[in-house]
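Visitor: Could you take me through one part of this model up close? I'd like to see how strands line up with their partners.

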Amino acid sequence: MLQQIIDRRLSGKNKSVGNRERFLRRHKEQIREAVRRAVDGRGIRDMERGEDVHIPKKDLNEPVFGHGDGGVREVVRPGNTEHMKGDRVAKPPGGGGGQGGGKAGDSGEGDDDFVFHLSREEFMQVFFEDLALPNLERTQLADTPEWKSHRAGHTSDGTPTNLHVVRSMRGALGRRIALGTGKRRELLELEERLALLKHHEDVDDFEVKRMLAETEARIAVLRARIKAIPFLDPIDLRFRNRVRTPVPSSRAVMFCLMDVSGSMDESRKDLAKRFFILLYLFLTRHYDKIEVVFIRHHTQAQEVDEQNFFHATETGGTVVSSALVMMEDIIKKRYPRSEWNIYGAQASDGDNWHHDSGRCRELLATQILPMCRYFAYVQVAEAEQNLWEEYRKLSDETRHFAMRKATEVSQIYPVFRELFRKEGTKA
Amino acid sequence: MTTVENRRHIGVAPVLDEYGGRRHGEPLRQMRPIKQRAASPLPSPSDWTFELVDQYHNVIRATAERYGLDTYPNQLEIITAEQMMDAYASVGMPVNYRHWSYGKEFIATERNYKRGQMGLAYEIVINSEPCIAYLMEENTMAMQALVIAHACYGHNSFFKGNYLFRMWTDASSIIDYLVYAKNFVAECEERHGVESVEKMLDSCHALMTYGVDRYRRPAKISLAEEKLRLADREAYAQQQINDIWRTLPRRADKLDEAAEARRFPEEPQENLLYFIEKNAPLLEPWQREIVRIVRKVAQYFYPQRQTQVMNEGWATFWHHRLLNQMYDDGYLSDGMMIEWLKSHTNVVAQQPMSNLNPYALGFAMYTDIKRICEKPTEEDRRWFPDLAGTDWLPAIDHAMRNFKDESFIGQYLSPHLMREFRLFSIVDDEKQKEYEISAIHDEAGYQHVREALSRQYDLSTREPNIQVWNVNLRGDRSLTLRHTQHLGRPLHESAQEVLKHVARLWGFGVQLESVDDKGEVSKRWSVPAPTQ
């Protein structure tokens, strides 16, 4: 008997991934709801965690025909120490209970939700479902310096490392058959004739002898020719071909602009921050490499690190254009637009020195927007002041500029979805 | 519409050895003697290695051969806990088609396992040829030995020997069939969308337990035989012809009445999925094939559902016997012995007053048969005159081959065992306020307890009896199912939900009638035709 021990530990780990996918697909609604709730309630730091999803058990039920309670049932149990035949035992209150679970498990407390953990990947999948980067003319191919090499069929010429042995041998076999068939057929005929001649009744006849000699000579020639067909010829060789194609740039830089003047309190900053985080996470799903530039401003703009951006407090008036000027500078210095996909996100409470708002619009329209893939403005306060008015004009004219208001944490996600919704899908 | 063949031929009794041509030799009467005792025990570290597993397997195999266990070839596979959960999730099969319910199963298993609420089974064994047994990476060497003896020689020989498995499963082709099923379902998903395939599978799964044949179809008769029978029938018909009667004009109205009364199906059908596959008017060919796939899988698992006690008991009995024998032959060290015995004891533990543990009951029954053969008491001689004092190997071999749980218990549960388990039976009558103890483990009660327990394992009393009753051919094409109540037990309320699935498959309205003991319809459910 042949016996085998097979080590399967390394193979096929996630066999039931497909089943899990189908399970998630089936309960999409509940999962989407859970994600929405999680995003609203969560701190910013752990936005990227997975999430536990609860689904009521009744939604998961797979019904089958079965017996209900009632009728006459007889059950055999082990471990009788006290009963005699004919004993009567009171039924537990509440009907069927007792034997085999009965009602207790079907209703009330026993009915736990089915809970499972959504992995980080799945969470993000649901989180950003139906969202896309808006109006992308993806970085123009003309000025991209990035190349990707990939396979493109076979060529008859290349380096030995790229030799495709199977194809080469197949070619050789074909060539040998093609070149040799005619000769072999003739050879076969001649051999038959030779056999006939050899058994000819008057073998000694001169004519027969001459034909015999002729045939033999011809056979020898053919044999030599067949033998001379090379087993492998340089024209048989095939090499794997690789070509380089230009790919769109996969690098992106994201500018976070935030007002830190006195009117921006903690809760408003928190709103802004949530928006930035969402944008950041969203971009990570589209680009391999992302850099983030934090610019905060009151009357003057300053490039800071993340910690300072979100947590340091400043006071004073507000000149929004200072931040925009700085952003423009930084782009020009460090992020040539031919290599980088540039995104801007600005958060403010809409409060601005009133002479400055017009300038902001102008700066955006003439300098920044032509360089950006997308620029989003989020106002974290209700009042529509002159900055809002000026930007409003801009958003009417330009497609890749968007503005929204969000005054509560729960609004951030819907606003975000609205901004990045795929064409033709509902938010 | 195809015709329905009569699948319940009684006339042709299957020849015992016909199934798949798997003929088996006579069982051994006595264990073969050992060629040579072990010089020293096998090494017994707690961690296993491939060489060790191989060594142990060799000894276990040799020991099993001495007992004459007839098995399929074995294939041992080492897997991780996660893979074990994968296997769990797809009903223990190495491949299966994709369905959300398996995903659900996996999530539930994973959660319980991670929380430590549940240990994973030590092994999974697949009724295929070669017989595939999964060994978990985490197990110790002693556990691996236990699993090998249990799965590769216990379950394996049961799969090969038991008549139900011989009749209904084809071990050599199941894996190939599942691969085919998986690909077919995947292809359907691609062509018709994941959702429509999922709906189809959901509906079929709801009827899965009603997609099995309970009786074997007669073998197809040969063409020659068919011709012979035809000739016979014609000859008979010829004899019956009476020319005088033939000339009488027929009454037209009577003819119509007969056609009206003709039912479809002519006989009630118990294999609902088969009936739907062959007769549902609106199903597309691919949908029929999916019904067929689910039906085939259900049929494959049908013997397992009917032989739980026997199968687990047999495997437990043999791992116990084989490992003990190996200890006697000097192969196992004491530590090894203690370790597997501990697991064994856990496996056969029986909580009083709770459900019977199939491992415990089955193990006790085979052990008891051996005891009756070797050391029968006066009582045993009275109850088992054919068994007492004979060779035990052929006796348990016969018991393993020719029974299912229901008949096995009905045949072999001894008074001795009933006393040991302290079995008693309780009647729960809806109309009474109290439970009644109908019999206990005493002289007057043995027969009753045994019958009651045997009934408890009878699938046909465990599952409601539901059959295809009628199709309204001349009207709305609605399908009527009939539930025949047994002892007044009603259907569970989920019936309404299941009916929706039946309606989806049938394509027209579906009714279900529940008929009580008096033959009157006591309850009706109905679902209108699905709108598409």
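Guide: Sure, let's start with one pair of residues: A:Glu74 stands opposite B:Val427 in β4(B). Before going on, a word on the ground rules: this is a predicted model, where local features need pLDDT of at least 70, side-chain atom pairs count only at pLDDT 80 or more, and totals for chains, interfaces and linings use all residues. Residues are numbered from 1 along each chain as its sequence is written, while chains are lettered from A and ligands numbered from 1 in the order in which they are written.

Back to our pair. Strand β3 (residues 72-77) of chain A and strand β4 (residues 424-429) of chain B run antiparallel, joined by six bridges. Strands here (E, at least two residues) and helices (H or I, at least four) are DSSP runs, numbered from the N terminus, and two strands pair if DSSP finds at least two bridges between them.

Now zoom out to the chains. On the chain B side, 76 residues are in contact with 49 residues of chain A, contact meaning C-beta atoms, placed from the backbone, within 7 Å. Helix α3 (residues 100-115) of chain B gives the largest share of that side, eight residues. Sorted by class, the side of chain B that touches chain A has 37 nonpolar (Ala, Val, Leu, Ile, Met, Phe, Trp, Tyr, Cys and Pro), 19 charged (Asp, Glu, Lys and Arg) and 20 polar residues (the others, Gly among them).

For a parallel pairing, look within chain A: β11 (residues 341-348) and β12 (residues 374-379) pair over six bridges, with A:Ser348 opposite A:Gln379.

How values were computed:
Contact = placed C-beta atoms within 7 Å.
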